[in-house]
Amino acid sequence: ELNNKGTTILITTHYLEEAEALCEDVAIIDKGSILVNGNIKELIKNIDKKTMNIFLTEDIKSLPDILIKAGFKLKDRRTLEIDYRPSKLNASKLISKVLKSRLNIKDVSTVEANLQDLFNKIVN
């Protein structure tokens with residue numbers, strides 16, 4: 001309520017999920033130096049990372065070579081996972097590779113980058 005009325009609130013936390021849920025802007029500080037600061041959504045956009053999960057209709061025991069070369073991993077017998085850069089590769093190309101492997105897709109989901117991904121990129 002105070003924030004909505006224009007009051008700035010400063011929160012310090014080690015819990016990145018908490019910061020992402022409560023804050024619009026963030027500053028990541030390491031050893032007293034600000035490594036990055038700004039609007040969380042804008043900073044996360046610059047990460048250029050997504051994860052796609054492809055859920056199959058049937059179990060598979062191993063990944064076809066074409067999918068291994070593309071960077072897919074077998075999460076379980078019916079789920080493929082791949083991390084990709086949306087600026088370089090679009091979802092339809094990834095799905096196309098799965099279809100060319102003669103696997104039947106039941107569903108697809110993507111997961112956007114988050115504040116934890118930003119933190120890992122900055123400190124690593």
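Mentor: Accessible areas come from the Shrake-Rupley method with a 1.4 Å probe, and for residues only the protein chains shown count as cover. The model is predicted: local features need pLDDT of at least 70, side-chain atom pairs count only at pLDDT 80 or more, and totals for chains, interfaces and linings use all residues. Residues are numbered from 1 along each chain as its sequence is written, and side-chain values use heavy atoms, without hydrogens and water.

Trainee: What share of the accessible surface belongs to carbon and sulfur atoms?

Mentor: Take the whole accessible surface of the protein, about 9,100 Å². The part from carbon and sulfur atoms is 48%.

Trainee: How many helices and strands are there?

Mentor: Both are DSSP runs numbered from the N terminus: helices are H or I, at least four residues, and strands are E, at least two. From the N terminus on, the order is α-β-β-α-β-α-β-β-α-β-α. The count is 5 helices and 6 strands.

Trainee: What is the radius of gyration of the protein?

Mentor: Start with the box: the C-alpha atoms fill roughly 55 × 30 × 25 Å along the principal axes. A compact globule of 124 residues would have a radius near 14 Å (over C-alpha atoms; 2.2 Å times the number of residues to the power 0.38). The protein has 19 Å.

Trainee: Is Asn53 buried or exposed?

Mentor: Asn53 sits in strand β3, residues 50-56. Leaving out residues up to four places away in sequence, Asn53 touches Lys75, Thr79, Leu80, Glu81, Asp107, Val108, Ser109 and Val111 (contact: heavy atoms within 4.5 Å). Its relative accessibility is 7%, and the classes are buried under 20%, exposed over 50%, partly exposed in between. So Asn53 counts as buried.

Trainee: What is the relative accessible area of Asp30?

Mentor: Asp30 lies in strand β1, residues 25-30. Its class is partly exposed because its relative accessible area is 37%.

Trainee: Which residue, 92 positions along the chain from Asp30, has its C-alpha atom 10.0 Å away?

Mentor: Such long sequence separations matter for the contact count: among contacts with a separation of 6 or more, 60% join residues 24 or more positions apart. For Asp30, the C-alpha atom at 10.0 Å belongs to Ile122.

Trainee: Which residue in β5 stands opposite Lys73?

Mentor: Strands β4 (residues 73-76) and β5 (residues 79-84) run antiparallel, joined by 3 bridges; pairing takes at least two DSSP bridges. They form a hairpin with 2 residues between them. Opposite Lys73 stands Glu81.

Definitions and conventions
Buried < 20%, exposed > 50% of the residue type's maximum accessible area, 1.4 Å probe, protein only.
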